[in-house]
Amino acid sequence: MDQVDVLVVGAGFAGLRALYRFRSQGHKVLVIEASPDIGGVWYHNGYPGARCDVESYDYSYSFSPELEQDWRWSERYATQPEILRYINHVADRFDLRRDIQFNTRMTNATYDEASATWVIATEGGKSVRAKYLMMCVGQLSATKSPNYPGLSDFKGEVIHSGMWPKHKVDYAGKHVAIIGTGSSGMQMTPIIAKEAKHLTVFQRTANFSIPAANAPVTDEEDRAVKASYRERRERAWNSATGLGFMPNKTSALDVSAEDREKAYEAAWNRLGFGFALTYFDILLKKEANDTAAEFIRKKIASVVDDPVLRDKLTPKGHPFAARRPSVDSGYFQSFNRDNVELADVRESPIVEFTPEGIRTQAKSHAFDMIIFATGFDVFTGSLFKPDIIGRHGMTLKKKWADGPVTHLGIGVSDFPNMFIVVGPGSPSLLSNVMVSTEEQIDWMAGLVQKMQSEGSVEVEAQPEAEKIWGQHINDRVKETLYLSTDSYYNGAEVQGKPRVFMPYSGGVRGYRRILQRCAEEGYSGFSFNKTPAALEDTASLAKV
Ligand code: N01
């Protein structure tokens with residue numbers, strides 16, 4: 001059986017960063033990746049229009065000033081192919097591939113209490129023993145498709161946005177359906193609309209969206225960013241979202257309607273997600289939120305010609321940004337085209353798939369291709385795919401049957417020497433995930449260094465610390481509007497999933513301080529053992 005110090009699961013941005021950091025620290029690291037190449041979600045989400053809605057300069061690694069200086073982003077918001085080129089460049093530049101095994105899916109990981117190591121088994125029958133198990137499996141990687149009756153009877157092509165095929169998908173002359181209007185559906189709609197003969201978008205919930213304000217990066221802009229990249233990073237690390245927007249102390253309710261309109265207009269045309277931070281209380285107070293929501297509704301109204309469509313496309317019934325808003329490039333305008341139709345599934349639900357297409361309560365639609373942009377089993381889906389078995393046979397699925405329980409989103413009691421990167425309990429999807437990823441991995445590396453220096457072999461989150469962290473997550477989210485609606489933040493995206501708010505809403509800056517304080521306190525809330533606890537238990541039993 002192969003033996004390594006750190007076994008990393010997943011070769012996306014997090015897995016590669018973990019490999020780089022732990023290898024630099026002298027550890028023997030192995031990354032296993034189920035897919036044939038690196039990139040994680042960016043490998044799989046190759047749908048048309050896929051691009052990041054965090055600015056390229058911020059959605060990139062900060063660990064190497066040389067890398068920062070050498071890499072030249074072409075657009076303010078990078079497309080999926082450009083992001084893949086970037087991550088491939090990083091992998092080659094730092095010689096990361098030699099420690100990655102592709103086409104290797106972890107089926108289970110079992111904690112061997114006697115040796116304080118993990119034994120990882122893969123689909124191909126391989127076993128690896130590791131001191132530390134690092135789960136870098138992403139939050140948006142377990143795709144989710146509704147299981148409609150007749151699904152397998154459909155004669156055309158069925159594609160999921162999050163598992164986009166590698167062959168060229170041709171829409172020309174075709175009748176295409178997109179089910180789902182989250183970020184993926186909204187990004188692909190304008191592009192497919194231009195190529196397909198006819199496009200039907202099946203919408204269940206109208207979503208708020210902000211224009212991407214994308215543009216090519218000029219040489220001048222590139223030089224300006226690179227001249228003070230550190231300061232830009234500092235701003236990101238010390239901002240609430242990891243996007244670098246400075247704290248705003250003004251309430252949306254303390255300014256005149258005219259000034260508010262001007263501020264929203266300026267943010268609308270340039271800031272993408274930053275729009276949500278125009279005033280500090282947009283996500284805290286319903287009345288403040290209403291002002292932003294109303295501004296967006298007016299914007300939608302100004303670009304959609306047909307009044308009935310306009311009404312259907314207008315988000316109602318949930319506060320702006322309490323569900324993840326999109327950042328789009330011409331989504332609403334697409335519905336002015338003659339070849340684009342909106343099918344409102346609340347008004348007329350999908351009854352079944354047929355060999356020819358989809359039958360809703362109202363009518364039968366014929367399609368050549370149906371695209372599921374129906375999202376993911378978020379946060380826990382990918383962590384539950386393999387069986388992770390900790391102390392005393394406890395499984396992660398059982399441990400989290402009522403929702404994720406963690407200390408700082410990083411460690412779980414009964415699962416010693418296992419770290420979760422940007423999973424539940426961390427700022428994760430409420431932040432620029434790149435910032436949170438690097439922050440957590442560097443912190444974990446510090447923890448492992450401490451263990452090495454003092455001869456500890458086992459680290460484990462303490463149940464009491466998990467309770468305190470869980471309470472803190474709940475206290476912080478109660479200050480916001482996140483709980484006022486169903487969303488994938490609180491498990492509503494999968495029927496039967498525990499309704500628990502999963503990410504940490506206290507912000508990147510606050511989280512960073514908490515991690516720092518925890519480290520200064522000797523990693524409070526974690527227990528460390530120099531001999532595996534199981535052996536100590538046996539020794540004390542022998543004495544009785
Ligand atoms: O998934 P989603 P996504 N019948 O869960 C609908 C990141 N991302 O792939 O809202 C009909 O947001 C569902 O309807 P409802 C980003 O974090 C980033 O679009 O549940 N419809 C919803 O409209 C994003 O938030 C980028 O009522 C059904 C949609 O499917 C996350 O990934 C780009 C349905 C799912 O939306 C996920 O985005 C893309 C059903 N049975 C993604 N089931 C960028 O960085 C679900 N839906 C730009």
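Here is a short tour of this predicted model, from the ligand to the aromatic rings and two lysines.

**Stop 1: the ligand**

Start by selecting the ligand and showing what lies around it. You should find 25 residues surrounding the ligand, and the closest are Arg 51, Ser 184, Thr 205, Arg 323 and Tyr 488. Colour that shell by class and you get nine nonpolar, nine polar and seven charged residues. Which helix gives the most to this shell? Select residues 183-195: that is helix 5, and three of its residues are in the shell.

Now zoom in on the oxygen atoms of the ligand. Pick the side chain of Arg 204, where an N or O atom sits 2.9 Å from a ligand oxygen. Next, click on the backbone of Ala 373, which has a polar atom 3.3 Å from an oxygen of the ligand. Then go to Arg 51, whose backbone places an N or O atom 3.5 Å from a ligand oxygen. Turn on a surface here: the ligand taken alone exposes 900 Å², and the protein buries 87% of that.

**Stop 2: pairs of rings**

Hide the ligand and show the aromatic side chains. How many aromatic pairs does the structure hold? There are 41.

Begin with Phe 275 and Phe 320. Their ring centres are 5.7 Å apart and their planes meet at 70°, so this pair is edge-to-face. Phe 275 is in the loop between helix 8 (257-268) and helix 9 (286-303), while Phe 320 is in the loop between helix 10 (307-313) and strand 11 (326-328), so the pair ties together parts 45 residues apart in sequence. Are these two rings buried or exposed? Both Phe 275 and Phe 320 are buried.

Move on to Trp 469 and Tyr 504. This aromatic pair is tilted, with 4.8 Å from centre to centre and 40° between the planes. Trp 469 belongs to helix 14 (residues 463-478), and Tyr 504 is in the loop between helix 14 and helix 15 (508-520), so the pair links parts of the chain 35 residues apart. Trp 469 counts as buried because its relative accessibility is 4%, and Tyr 504 is buried too, at 1%.

**Stop 3: a cluster of rings**

Select Phe 13, Tyr 20, Trp 42, Tyr 59, Tyr 61, Phe 63, Trp 71, Trp 73, Tyr 86 and Phe 94 together. These residues form one aromatic cluster, with Phe 13 and Phe 94 among them.

**Stop 4: lysines over rings**

Finish with two lysines. Select Lys 166 and Tyr 43: the lysine lies over the face of the tyrosine, 3.7 Å from the ring centre. Then select Lys 450, which lies over the face of Phe 528 at 4.6 Å from the ring centre.

Conventions
Residues numbered from 1 in each chain as written. Predicted model: local features only at pLDDT ≥ 70, side-chain atom pairs only at ≥ 80, totals over all residues. Heavy atoms only, no water. Near = heavy atom within 4 Å. Polar contact = N/O pair within 3.5 Å; in protein donor to acceptor, adjacent residues only side chain to side chain. Areas by Shrake-Rupley, 256 points an atom, 1.4 Å probe, with all protein chains shown as cover. Helix = DSSP H or I, 4+ residues; strand = E, 2+ residues; numbered from the N terminus. Nonpolar A, V, L, I, M, F, W, Y, C, P; charged D, E, K, R; others polar. Phe/Tyr/Trp six-rings, centres within 6.5 Å; stacked < 30°, edge-to-face > 60°. Buried < 20%, exposed > 50% of the residue type's maximum accessible area, 1.4 Å probe, protein only. Lys NZ or Arg CZ within 6 Å of the ring centre and 35° of its normal.
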